[in-house]
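The following exercises concern one protein chain. Please examine the sequence and the structure before reading the solutions.

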Amino acid sequence: MHRVVVMILGSLLWIGACDQASSSEEGQQTAPEKVQTVEESTPEVSASDIKEKLEVPYVIQDSSQVLTLQDGLEVYFIEKGTGPSPSIQRNVLFHYHGMLTDGTVFDSSFERGQPLDSPLSRLIRGWQIALEQVPLGSKVKLVIPPELGYGAQGSTNVPPNATLIFDIELISMY
């Protein structure tokens, strides 16, 4: 899974660079290329739309700062905090930005301007496992396999068996 995510992100960055070079050479913006999706039910999304969504708010610049945990759960450290990591019994206050692998944003506390305050034990299993490894003050990108997310049932804005991508800023715990 790690290689797939890194390959997707690398391809998107390359496509974005080509789009920028093309528009600067011609002095005008060209229409973004359309990306073929794997699932027929997923609408077509432009490469620049995907690139923007995967980079907002955090960009993976150093893939050496990756923890691979159980069931393929990946934690990319964007900024590593210096505080303690929360235990499952703690409440956590954090911002998050949740996306599907096609770049669709399904929920974002960043966009609402209000961080989430919740017992860690009430969050999806992927967040529980990952956040117990994340020091307070960290900014991370999580890639959560379906089994540790919403699974086969999905949720209101998440289809069944979806891999989830979250940008998380761990603000405090109590």
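**Exercise 1.** In which loop is Thr-82 found? Describe its surroundings.

*Solution.* The model is a predicted one: local features require pLDDT of at least 70 and side-chain atom pairs count only at pLDDT 80 or more, whereas totals for chains, interfaces and linings use all residues. Residues are numbered from 1 along each chain as its sequence is written, and side-chain values use heavy atoms, with hydrogens and water left out.

Step 1. Thr-82 lies in the loop between strand 4 and strand 5; helices (H or I, at least four residues) and strands (E, at least two) are DSSP runs, numbered from the N terminus.

Step 2. The relative accessible area of Thr-82 is 82%, and the residue is therefore exposed. The classes are buried (under 20% relative accessible area), exposed (over 50%) and partly exposed in between, with a 1.4 Å probe and protein chains only.

Step 3. Leaving aside neighbours within four places in sequence, Thr-82 is in contact with Pro-135 and Leu-136, contact meaning heavy atoms within 4.5 Å. The C-alpha atoms of Thr-82 and Pro-135 are 6.0 Å apart, although 53 residues separate the two along the chain.

**Exercise 2.** Determine how strand 5 is paired and whether it is enclosed or open.

*Solution.* Step 1. Strand 5 covers residues 91-100 and runs antiparallel to strand 9, with nine bridges joining them. Two strands pair if DSSP finds at least two bridges between them. Val-92 stands opposite Met-173 in strand 9, and Tyr-96 has Ile-168 of strand 9 as its bridge partner.

Step 2. Four bridges join strand 5 to strand 7 (residues 116-119), again in the antiparallel sense; here Phe-94 has Leu-116 as its partner.

Step 3. Strand 6 (residues 105-108) pairs with strand 5 over three antiparallel bridges, and Gly-98 is partnered by Asp-107. These two strands form a hairpin with four residues between them, and Gly-103 in the turn has a positive phi of about 95 degrees.

Step 4. Nine of the ten residues of strand 5 are buried, so the strand is largely enclosed by the rest of the structure.

**Exercise 3.** Establish which elements build the largest nonpolar core, and place strand 9 within it.

*Solution.* Step 1. A nonpolar core is a set of buried Ala, Val, Leu, Ile, Met, Phe, Trp, Tyr and Cys residues joined through side-chain atoms within 4.5 Å. The largest one holds 28 residues, of which Trp-127, Leu-142, Ile-144, Leu-164, Phe-166 and Ile-168 touch the most other members.

Step 2. Two or more residues of this core come from each of strand 4, strand 5, helix 4 (125-131), strand 8 and strand 9. Strand 9 gives the largest share, five residues.

Step 3. Seven of the ten residues of strand 9 are buried. Strand 9 also runs antiparallel to strand 8, with six bridges joining them; Val-143 stands opposite Ile-165 of strand 9.

**Exercise 4.** Which residues have a positive phi although they are not glycine? Locate them.

*Solution.* Step 1. Most residues other than glycine have a negative phi.

Step 2. Asp-71 has a positive phi of about 55 degrees and is found in the loop between strand 3 (66-68) and strand 4 (74-79).

Step 3. Asn-161 has a positive phi of about 60 degrees; its place is in the loop between strand 8 (139-144) and strand 9 (164-173).
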